[in-house]
Amino acid sequence: MTLYLIIKAPNDILFDYWIALYYCLIRKYTDIKIITTIPLPDLPIPNVNFPSCEEILEFIQKYTKHDIVIFIDYKYIKEYFLDLPKENIYIYFNRDPYNKILDFHTEFLKNNFQIIEYYESNRNFLYNFIDKMYHSKVYIIPQLFNKRDTLYQLPFNHHPFYDVGMIFRYRERDIRNRRETFWNQITDMSKLLITGFGLDRDLKIQNCKIIINIRSKTTDNDDIIENRESLRIDRIISKKILVVSEAYKHQSRYNDGFIIQVPLDKILTTCQGILDNFHDFRQEHFKHYKVEEYEKESQQLIQPILDNIQ
């Protein structure tokens with residue numbers, strides 16, 4: 001049995017997620033391969049490159065049997081999943097929001113697919129609309145602790161240069177999204193826009209006293225308000241870097257107690273207050289933080305999928 005991770009492209013956040021997931025899965029599955037359409041950074045993981053998504057789909061159809069296929073945001077599998085070999089186990093890593101996912105997710109589950117969510121709200125939304133018999137096939141797996149993470153391996157930066165940093169892609173366009181609008185409002189603090197992935201990105205993160213986290217979008221319906229930005233927050237907190245975040249609904253993770261959550265209109269004044277006494281504040285804030293607790297929680301979150309996939 002081979003486990004295939006299908007990655008169409010490395011993403012500034014999701015790439016770290018995949019690598020952390022890989023190091024958890026390798027505890028059980030010794031034959032893991034990455035399938036991708038573009039070159040990846042040097043990794044201790046076998047990978048197979050294809051020129052197109054169509055050719056990846058053809059490979060799965062022709063050359064896999066009794067294997068595990070985990071894929072992300074892959075429209076060709078969503079469109080042709082009934083044509084895939086029935087002997088395989090398929091796990092869909094969901095990036096779609098709430099009600100947009102319901103139709104095809106229900107069909108996936110009926111056809112013995114499984115789903116990974118990293119937003120608690122998505123999983124809760126599915127639970128409300130799908131038969132209970134499928135609940136055990138929807139896993140909640142946020143960003144997992146990974147000792148090999150490049151950020152975790154860096155020596156701690158005791159004297160970061162920039163006051164604040166934000167992790168997102170800024171695009172030149174007429175209509176700004178919430179993050180871009182907020183970024184433009186930061187005028188009285190030194191700031192660093194952080195993009196990309198890997199060592200260069202992580203060095204930039206470490207060179208900021210505070211990482212600001214803004215949700216990509218909101219909704220007027222509090223029942224489906226977007227969750228904590230697990231992929232942006234958790235690995236940063238595990239390095240004891242301060243995060244000031246727009247508040248979020250679900251508070252069930254160990255790291256939640258170490259994330260400074262305030263309303264959107266209070267974020268800049270909160271950051272300024274921290275910067276006035278930065279070193280003492282950071283030391284006191286993380287005084288009781290134990291990365292071992294985050295590591296233990298990650299192991300607990302991955303265990304159901306290790307137990308259920310045979």
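# Salt bridges and aromatic pairs in a predicted model

The structure holds 17 salt bridges. It is a predicted model, and the paragraphs below go through some of its charged pairs, then its aromatic rings, then the chain as a whole.

Side chains of opposite charge can pair when their charged atoms come close. One such pair is E120 with R123, whose side chains meet in a salt bridge with an N to O distance of 2.6 Å. Both partners belong to helix α5, which covers residues 120-129, and because they are 3 residues apart in that helix, about one helical turn separates them. E120 and R123 are both buried.

Another salt bridge brings together the side chains of R235 and D149, at 2.5 Å from N to O. This pair links distant parts of the chain: R235 is in helix α9 (residues 230-238), while D149 is in the loop between β7 (138-140) and α6 (150-153), 86 residues apart. R235 is buried, and D149 is buried as well.

K209 and D163 give a further example, with their closest N and O atoms 3.8 Å apart. K209 lies in strand β10 (residues 208-213) and D163 in strand β8 (residues 162-167), so this salt bridge ties together parts that are 46 residues apart in sequence. Both K209 and D163 are buried. Some salt bridges share partners, and in this way D16, D149, R201, D202 and R235 are joined into one network. The R235 and D149 bridge described above has both of its residues in that network.

Charged side chains also meet aromatic rings. K191 lies over the face of W183, 4.5 Å from the ring centre. In a second case, the charged end of K239 sits over the ring of Y152, at 5.9 Å from the centre of that ring.

Rings also pair with each other, and the count comes to 26 aromatic pairs. F71 and Y92 form one that is tilted, with 5.1 Å from centre to centre and 50° between the planes. F71 is in strand β4 (residues 68-72) and Y92 in strand β5 (residues 89-93), 21 residues apart, and the pair links these distant parts of the chain. F71 and Y92 are both buried.

F71 also pairs with F108, this time edge-to-face, at 6.5 Å centre to centre and 75° between the planes. Because F71 lies in strand β4 and F108 in helix α4 (residues 102-110), the pair ties together parts that are 37 residues apart in sequence. Are these two residues buried or exposed? F71 has a relative accessible area of 0%, so it is buried. F108 counts as buried because its relative accessibility is 0%. The two pairs belong to a wider group: F71, F81, Y90, Y92, F108 and F113 form one aromatic cluster.

The chain as a whole gives the setting for these details. It has 12 helices and 12 strands. Of its 310 residues, 55% are buried. How much area does the chain expose? The figure is about 14700 Å², of which carbon and sulfur atoms supply 49%. Among contacts between residues at least 6 apart in sequence, 66% join residues at least 24 apart. The salt bridge between R235 and D149, residues 86 apart, spans such a separation, as does the one between K209 and D163, which are 46 apart.

Key:
Residues are numbered from 1 along each chain as its sequence is written. This is a predicted model: local features need pLDDT of at least 70, side-chain atom pairs count only at pLDDT 80 or more; totals for chains, interfaces and linings use all residues. Side-chain values use heavy atoms; hydrogens and water are left out. Helices (H or I, at least four residues) and strands (E, at least two) are DSSP runs, numbered from the N terminus. Buried means under 20% relative accessible area, exposed over 50%, partly exposed in between (1.4 Å probe, protein chains only). Contact means heavy atoms within 4.5 Å. Accessible areas come from the Shrake-Rupley method with a 1.4 Å probe; for residues, only the protein chains shown count as cover. Rings of Phe, Tyr and Trp (its six-membered ring) pair if their centres lie within 6.5 Å; planes under 30 degrees apart count as stacked, over 60 as edge-to-face and the rest as tilted. A charge sits over a ring if NZ of Lys or CZ of Arg is within 6 Å of the ring centre and within 35 degrees of the ring normal. A salt bridge is a side-chain nitrogen of Lys or Arg within 4 Å of a carboxyl oxygen of Asp or Glu.
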